Amino acid sequence: MASIVTIGGSPSAVSRTNTLIDHLQRQLEADGHTVTAVRVRDLDAPALLQGRTDTHSIQTALAAVGAANAVIIATPVYKAAYTGVLKVFLDVLPANSFAGKAVLPIVGGGWANHALVLDYALKPVLAALGASVILSGAFLIDSEFVKLEDGSGFTFSENLQEKARDLYHSLTAVIK
Ligand SMILES: Cc1cc2nc3c(=O)[nH]c(=O)nc-3n(C[C@H](O)[C@H](O)[C@H](O)COP(=O)(O)O)c2cc1C
C-alpha cells in the first residue's frame with residue numbers, strides 16, 4: 001500500500017480544489033492507502049513568506065512530502081498561474097523533492113481558456129522538483145461544482161464525478 005501526500009494550494013477555507021482532493025483522500029484510505037493532507041493555508045505564513053522552514057507546521061509538511069510515494073497537488077488558477085500560496089510552499093521544498101514519486105496535478109479555474117495553467121505553469125514546476133512520473137491530471141471548471149445551500153462546501157456535477165473517477169484510476173494504476 002502506498003503513502004500519499006495531498007498538497008492543497010487554495011487560500012480559501014471552503015475550496016473547490018480541496019473538496020476534490022479530500023474526496024480522493026477518502027477513496028484512497030478506503031482502499032488501504034495512507035494519506036496525509038497538507039493545506040498550505042494552514043502552515044506558518046510569515047515563515048513561508050521569509051523562506052524559512054524552522055516551524056513545526058512546515059517541518060511536518062516537509063516530512064510528509066519526503067515520506068510519500070505519490071503526491072496529489074491541487075491549485076486554483078489565480079491571475080493565470082497557480083496560487084502564490086502554493087508557490088511559497090514549493091519554494092521551501094528541498095531540491096528534487098518529487099524524485100521517485102508519481103505526481104497527480106489538479107488545477108481549478110473560472111475560465112476554460114486558463115486550462116493551459118495545468119500544462120504550462122504547474123507541470124514545469126513539478127518537473128523542476130524532479131517528479132518521476134507526472135500524470136495527465138485535470139483542469140476543473142467552477143461550474144462543475146455545486147455549492148451546498150448552507151455555503152459549507154461543494155458537491156460534484158456528474159461530469160466532475162466522472163473526472164474524479166478517472167483521476168483516481170490514473171493514480172492507483174501507477175502506485176500499485
Ligand atoms: C484572486 C483570484 C484570482 C483568480 N484568477 C483566475 C484566473 O486568472 N483564471 C481563472 O480561470 N480563474 C481565476 N480565478 C477563479 C478561481 O481559480 C476558481 O474560482 C477556482 O475554482 C477556485 O478554487 P478554490 O475554490 O479551490 O479556491 C481567480 C479567483 C481569485 C479569488
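Helices (H or I, at least four residues) and strands (E, at least two) are DSSP runs, numbered from the N terminus. The model is predicted, so local features need pLDDT of at least 70, side-chain atom pairs count only at pLDDT 80 or more, and totals for chains, interfaces and linings use all residues. Residues are numbered from 1 along each chain as its sequence is written, and side-chain values use heavy atoms, with hydrogens and water left out.

**Exercise 1.** Place His33 in the structure and decide: is His33 buried or exposed?

*Solution.* Start with the location: His33 belongs to the loop between α1 and β2 (34-39). Next, take its relative accessible area, 9%. Buried means under 20%, exposed over 50%, partly exposed in between (1.4 Å probe, protein chains only). His33 is therefore buried. Finally, look at its side chain: one of its polar atoms is 3.0 Å from the backbone nitrogen of Ala2.

**Exercise 2.** Describe the residues that surround the ligand.

*Solution.* First, find the shell: near the ligand (a heavy atom within 4 Å of it) there are 16 residues, and the closest are Ser10, Thr17, Val77, His114 and Asp142. Then sort the shell: five residues are nonpolar, eight polar and three charged (Ala, Val, Leu, Ile, Met, Phe, Trp, Tyr, Cys and Pro count as nonpolar, Asp, Glu, Lys and Arg as charged, and the others, Gly among them, as polar).

**Exercise 3.** Which distances link ligand oxygen atoms to Thr17 and Trp111?

*Solution.* Go residue by residue. For Thr17, a side-chain N or O atom is 2.5 Å from a ligand oxygen. For Trp111, a polar backbone atom is 2.9 Å from a ligand oxygen.

Key. Polar contact = N/O pair within 3.5 Å; in protein donor to acceptor, adjacent residues only side chain to side chain.
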